[in-house]
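Work through the exercises below with the sequence and the structure at hand. Each task is followed by a solution in steps.

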Amino acid sequence: MFKTARSRFKAWLTAGAGTIAALFVAGLMGAFGALPAHAPPSLPADAATDAGRWRIEPVRAYVSHANVYGVPIKSGQKALVLEVDITNRTAQSDKAYFDVFKPEGIAFPDGKPMITLTRDSTLTPELHPGMAERMAYVWPLAADVAVPSSLSFAITAEIFKPRDNLYGVPGWYNPYRLGTITLAVGDHGGAG
Amino acid sequence: MRVRAIGNLAILAATVALSYGMQVTKPHYADLTAPVPIDGAMHDWVRARSFDVRLDKIVFAHTLKSDRFGTSKILTTSGVWAVVTTSLTATSTSTTVADGIWQGPTGLRYRVTERLGYRSDLPPHDVDPGLEKRGLYVFEVPADQIRGASLLIAARRFAPLDAQARIRLDAVPVGADGQPADILPEYDLDAPPAPGKT
């Protein structure tokens, strides 16, 4: 009697081990998932930060009412300008810096900024490995949109994979929110 | 019986070892479909699949001057400008040669600059068989990436299994600090070539 009960319990345990483990892991994951998510950290505004394939160091942010670095500003518009020193940390020339900065709390009519090299107003040139360049991100805005005097920029970075899962080639994948940089926003009549 | 079991185990172990070895030494897809390198030296013709290229001259400069739409533009850089003059010709049919990369001694790859805009003497170069053509490649490189560099020229930017000419730049005169022996303060891309030189 006892012998059969014990062997039956053993059989249940053996057959159900996988199920028990799965329930346990699922419960743990659910518990951790229910924890409040960590806010992305605040990054220093006056030091260089490694953000995936770019090393970034903000210089200044301001609102411009006149053309800035060759980017035309239409009448009835102004522009939020972020000047930043960017260095390519990868081994080859690259221009995937469009989504690195995103101002928080302002809705832009045409999402993506114009990005120019401040050196000679070239629009979106490739940046070369290890050569720091000052770039200006220019977001056009309607003239009546209020821009706070202290603005946070969300920083998006990517991770390097020596081999991706599809072709086995090296590359930068999986963009994630690295953190935010908060900058004071000045008001320039016609800088640049 | 025991001998047979040991033999089976040995075969199994050998199979596992062989399979593991094959797995870890399997070439990557990126290597399997990489361009086919064709090595060459400066001042020699390098014969790629669809074009021939000869590197004639390299000039280093701190600033570049380029005329566009009647106005001249001065381009500065945090490194140095390297202006590479090549002669190009097609092998069997008219084609274009579009890609140029300056590969530094540690493998960093600097693609031709995009800051000059469109010029007819910059890539993509239209080349025809039997007609030699002068083609420029302009790079922006840090001064420490010049000694031991090589120039990679291919017909297209993404050209799996197509030929890529790799020209060693070992004949570039560099000083003891790795800087080029003579860097011009300014190079005018539109100045007519000096007589007697290419």
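**Exercise 1: the build of chain B**

Chain B has two helices and 13 strands. The model is a predicted one.

Task: Decide whether chain B is spread out or compact by the globule rule, and explain why.

Solution.
- Step 1. Take the radius of gyration of chain B, which is 23 Å.
- Step 2. Set this beside the 16 Å that the globule rule gives for 198 residues.
- Step 3. The radius is well over the rule's value, so chain B is more spread out than a compact globule.
- Step 4. Add the box filled by the C-alpha atoms of chain B: along the principal axes it is roughly 90 × 45 × 30 Å.
- Step 5. Add burial: 29% of the 198 residues of chain B count as buried.
- Step 6. Look at the contacts in chain B with a separation of 6 or more; 73% of them come from residues 24 or more positions apart.

**Exercise 2: confidence**

Task: Find which element of chain B has the lowest mean pLDDT and which has the highest.

Solution.
- Step 1. Start from the chain as a whole: the average pLDDT of chain B is 90, and 96% of its residues score at least 70.
- Step 2. Go through the elements of chain B: α2(B) has the lowest mean, 83, and β8(B) the highest, 96.
- Step 3. For the model, note an ipTM of 0.83 and a pTM of 0.83.

**Exercise 3: the contact between the chains**

Task: State how many residues each chain brings to the contact, then describe the side of chain B that touches chain A.

Solution.
- Step 1. Count by chain: 19 residues come from chain A and 17 residues from chain B.
- Step 2. Assign elements: on the side of chain B that touches chain A, at least two residues each come from α2 (29-32), β4 (71-75) and β8 (109-111) of chain B.
- Step 3. Rank them: β8(B) gives the most to this side, with three residues.
- Step 4. Sort the side of chain B that touches chain A by class: six residues are nonpolar, five polar and six charged.

**Exercise 4: a strand with two partners in chain A**

Task: Name the residues that stand opposite A:V81 in β2(A) and β6(A).

Solution.
- Step 1. Strand β2 (residues 54-64) of chain A pairs with strand β3 (residues 77-88) of chain A over ten bridges, in the antiparallel sense.
- Step 2. In this pair, A:Y62 is opposite A:V81 of β3(A).
- Step 3. β3(A) is also joined by ten bridges to strand β6 (residues 133-142) of chain A, again antiparallel.
- Step 4. There the bridge partner of A:V81 is A:V138.

Definitions and conventions: Residues are numbered from 1 along each chain as its sequence is written. Chains are lettered from A and ligands numbered from 1 in the order in which they are written. This is a predicted model: local features need pLDDT of at least 70, side-chain atom pairs count only at pLDDT 80 or more; totals for chains, interfaces and linings use all residues. Two residues are in contact if their C-beta atoms, placed from the backbone, lie within 7 Å. Helices (H or I, at least four residues) and strands (E, at least two) are DSSP runs, numbered from the N terminus. Ala, Val, Leu, Ile, Met, Phe, Trp, Tyr, Cys and Pro count as nonpolar, Asp, Glu, Lys and Arg as charged, and the others, Gly among them, as polar. pLDDT is the predictor's confidence in each residue, from 0 to 100. The radius of gyration is taken over C-alpha atoms; the globule rule is 2.2 Å times the number of residues to the power 0.38. A residue is buried if 20 or more other C-beta atoms lie within 10 Å of its own, exposed if 12 or fewer, and partly exposed in between; C-beta atoms are placed from the backbone. Two strands pair if DSSP finds at least two bridges between them.
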